[in-house]
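User: I should like to learn how to read the main features of a structural model, one at a time. Could we begin with the packing of helices?

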Amino acid sequence: MPETPYRHEEIELKWCERWNADPDLYKAADDGSRPRYYVLEMFPYPSGRLHMGHVRNYSIGDTLARHQWMRGYDVMHPIGWDAFGLPAENAAIKHGRHPAEWTHSNVAYMKKQLQRLGFAYDWDREVNTCLPEYYRWNQWMFLRMFERGLAYRKSSLVNWCPECQTVLANEQVVDGCCWRHETTKVEMRELDQWFLRITAYADELLEDMKQIEAGWPPQVLTMQRNWIGRSEGAEVDFRLKGSGQPVRIFTTRIDTIYGATCVILSPEHPAARELCTGGLAARRKEMIDEQARKGPEDLEKEGFFTGHFAINPFNGAEIPVWVGNFVLWGYGTGAIMAVPAHDERDFEFCRKYGIPIVPVIRPAGGVLDADPQQAFTEDGVMENSGEWSGLSSAEGRKRMAEKAEREGFGCAAVTYRLKDWGISRQRYWGTPIPIIHCKACGAVPVPDGQLPVVLPENVEFTGRGRSPLANLKSFLETACPKCGAPAERETDTMDTFVDSSWYFFRYADPRNGRLPFDPEKVKPWFPVDQYIGGVTHAILHLLYSRFWCKVLRDIGLVSIDEPFRSLFTQGMVQLHGQTMSKSKGNIVDPDEMVAKYGADTCRLFTLFAAPPEKNMDWNESGVEGQYRFLSRLFRWVTRNSDAAGGSGESDARALRKLHQTVRKITQDFDNRWHFNTSIAALMELMNELHACEPGMSARALRECAEKVTLLLAPFAPFAAQELWRMLGHDGPVFRQAWPAFDENLAREEELEVPVQVNGKLRSRISVPHGTAREEQQRLALADERVRAHTDGKTVVKVIHTGRLINIVVK
């Protein structure tokens, strides 16, 4: 066959049309005839267009899926749309486009982009979370949680814009102001909100990390552990002087309680509300609003004295009650005792406000520092602590917690940083919460037979006031399912993280109209073998998905504890060192790159530019380099697929490099996923084949042409499919068997061994493969360049690692 130029657009459009016309091409057999493999990338939000971060993420997953097909697995590789969310509602407010129209238009465009990029998705499993056939099951599962006490309603603070007279999502608070009004400061308002009791599973979420630690990045598990934030300690009641009202504090260091010099309340604490009257009430409210604008982590530690005192139950001391902006209402009890001598945060706060510092713990074997210049935070020996003086901190904590419980003013306790999941959103574009509010019956669940509660489309968007649902009588007004009296529907919608907490189960049974999915259809595919997505989702989405899986297990829909066996977090795509974003104006349009260089080239570059877990910098000259490589490979295969060949004198050299490359890429897939080194190995192979080509036999040329095509197939599917056809084969190239390597053919005839002297490289020796270590060491010591650094010195020892020799001399 004569050499054929690489015409990327012609090739890719041809195969796109053929692949898109075959609905069974990427289907899983799902019949148990082969081992199953479920590979899944986090589904996209349909914002309008794909960006290069999507291309990288989906190229990683697609490469793995195609390789697993070639390794004989029955692969499930689905895709869908995380379609509810704030951007669609903002588009409706700004541009007058209905969220449904905006979303479905974006889905249609992005689907074409994914197909043009050649991603091997089973589109028959496609899900769209904004369709009633999907979100009815959000509602069904919410009701099952409501029945079990896992869904409940309580008053909670929300962001409030006084000018819009509406609730704002956290994303709509920009520099402490409403996103629509640059100078309108956001306030906090209390509203009734719906919550899911994720804290009921806190210990299990921690314990079950043992099941996934082999397949998850350690940093993700660490982030989740810290987010859950389990703390063991004690709760103790400090009673307010005068009223005797108890203020319960949580502490991990009850052994330091004799050093407590004030009680500090969260500004949201009910006691703070009662104690702060007059001017202090305004200060308390401003502190709450400031927390909303900046977040507690960005605030300078500030507080104020309430004018009230509390009694330490262990020593009877009267200590002042303060309000502090760094005490969180959602952590512990929302109140702490400040022990500045033994806590760095308390030390900083009390020093600032002149609150006394009283040391009560000394280092074991040391003395008490009566005037500390910094907090001593370690365990030690208790001093100035009444009957407990002389005890170790650990023993003191145990005995003091027992006393508190025995005498009824406290107990040993475990608390969590994790808060229950607030799922209420006072906006339109989300799943309606299936609750009806009746004056007589209270909050009444919508009967299953009336699901889904459909999101109406005839709403008006102003961006002001209540949710549009609250102004639509045809939606709002209904009858109580219990008593039949007039009632109102809940107008809050669900957090969109609900949609993404279980979609991976729905893929296994996407058209089920009786249940979220058939447990028997799901069972053989779970846990997901490989989940792929950004590390930015390490806490919320991934933690919520783990929680949801456990709830579904307890409902009886699944039998597993964890949804994902392995997790891979890919790096970001950057331009000039900055993450790409529309706001920065540094987006690279995949459509333009595909038109200019082809989808295969774009895929190759995103896989080659950096290890997949690292950030990569977009560089168009690098894209051009991949295009040249792919063109060169394409021409070589077409030129040599049925060439007459030469003498065969280069066959051994070419086949050695071929089998080494097969081994290398196979190991990359099995062990490291360093696709960048796999593509580099293909480049090295092409260099070697070009050098060997004149002396290669027809048989060797043909073997190399076929195996190069198969090696290319997971990375550049369009070019590989065209080459496979040109080589005279039928059928999808990704359904062919992955090439095997022969260890004997892959073995080098000679081994090159680096030789160091005192850790510095001085020479390299070549030895026949299989040469004994003793002989290698003898040759190393005899090497002239080595002897220049060893003659006249004593050889202390020779270290032979198998890969290098290090001669230690003095």
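Analyst: Two packed helices are described by the angle between their axes and the distance between the axes. In this predicted model, helix H18 (residues 599-608) and helix H19 (residues 620-640) have axes that come within 9 Å and cross at roughly 115 degrees. The crossing in which H18 passes H19 is right-handed.

User: Which residues of H18 and H19 make the contact?

Analyst: H18 contributes Asp600, Thr601, Leu604, Phe605 and Phe608, while H19 contributes Gly622, Val623, Gln626, Tyr627, Phe629 and Leu630. Sorted by class, the contact of H18 with H19 comprises 7 nonpolar, 3 polar and 1 charged residues. As a general guide to such patterns, an α-helix has 3.6 residues a turn, so residues three or four places apart point the same way.

User: How should a single helix be read, and what span does H5 reach from its first C-alpha to its last?

Analyst: Helix H5 (residues 132-147) has 16 residues and reaches 22 Å, close to the 22 Å expected at 1.5 Å a residue. Its burial can be read next: Tyr134, Tyr135, Trp137, Asn138, Gln139, Trp140, Met141, Phe142, Leu143, Arg144 and Met145 are buried in H5. Just after H5, glycine 149 adopts a positive phi of about 75 degrees.

User: Turning to strands, how is strand E10 joined to strand E11?

Analyst: In a regular strand the side chains alternate between the two faces of the sheet. Here, strand E10 (residues 230-240) and strand E11 (residues 246-251) run antiparallel and are joined by 6 bridges. Aspartate 237 stands opposite arginine 248 of E11. The hairpin of E10 and E11 has 5 residues between the strands, and glycine 242 takes a positive phi near 100 degrees there.

User: With which sense, and over how many bridges, do E10 and E18 pair?

Analyst: E10 pairs with E18 in the antiparallel sense over 7 bridges. Arginine 230 has tyrosine 416 in E18 as its bridge partner. Strand E18 (residues 410-416) is largely enclosed by the rest of the structure, because 5 of its 7 residues are buried.

User: In what order do the strands of the open sheet that contains E22 lie?

Analyst: The order is E22-E21-E24-E23, an open sheet of 4 strands with antiparallel pairing. Strand E22 (442-445) and strand E23 (477-479) are the edge strands, each pairing on one side only. From one strand to the next, the twist averages 45 degrees. E23 pairs with strand E24 (residues 486-489) over 3 bridges in the antiparallel sense, and glutamate 477 has glutamate 488 in E24 as its bridge partner.

User: A loop residue may also be examined. Is serine 697 buried or exposed?

Analyst: Burial is judged by relative accessible area, with under 20% counting as buried. Serine 697 has a relative accessible area of 14%, so serine 697 is buried. Serine 697 lies in the loop between helix H21 (675-692) and helix H22 (698-712). Leaving aside residues up to four places away in sequence, serine 697 touches Gly645, Gly646, Gly648 and Asp651. Serine 697 and aspartate 651 are 46 residues apart in sequence, yet 6.6 Å apart in space from C-alpha to C-alpha.

User: Finally, how many helices and strands does the protein chain have?

Analyst: The protein chain has 26 helices and 34 strands. Its C-alpha trace spans about 105 × 85 × 50 Å along the principal axes. Of the 810 residues in the protein chain, 55% are buried. Among contacts between residues at least 6 apart in sequence, 71% join residues at least 24 apart.

Definitions and conventions: Residues are numbered from 1 along each chain as its sequence is written. This is a predicted model: local features need pLDDT of at least 70, side-chain atom pairs count only at pLDDT 80 or more; totals for chains, interfaces and linings use all residues. Side-chain values use heavy atoms; hydrogens and water are left out. Helices (H or I, at least four residues) and strands (E, at least two) are DSSP runs, numbered from the N terminus. The expected span of a helix is 1.5 Å times one less than its number of residues. Buried means under 20% relative accessible area, exposed over 50%, partly exposed in between (1.4 Å probe, protein chains only). Axes are lines fitted to C-alpha atoms, for helices over the stretch in contact, and angles run from 0 to 180 degrees between N-to-C directions. A crossing is left-handed if the near helix is turned anticlockwise from the far one by less than a right angle, and right-handed if clockwise. Contact means heavy atoms within 4.5 Å. Ala, Val, Leu, Ile, Met, Phe, Trp, Tyr, Cys and Pro count as nonpolar, Asp, Glu, Lys and Arg as charged, and the others, Gly among them, as polar. Two strands pair if DSSP finds at least two bridges between them.
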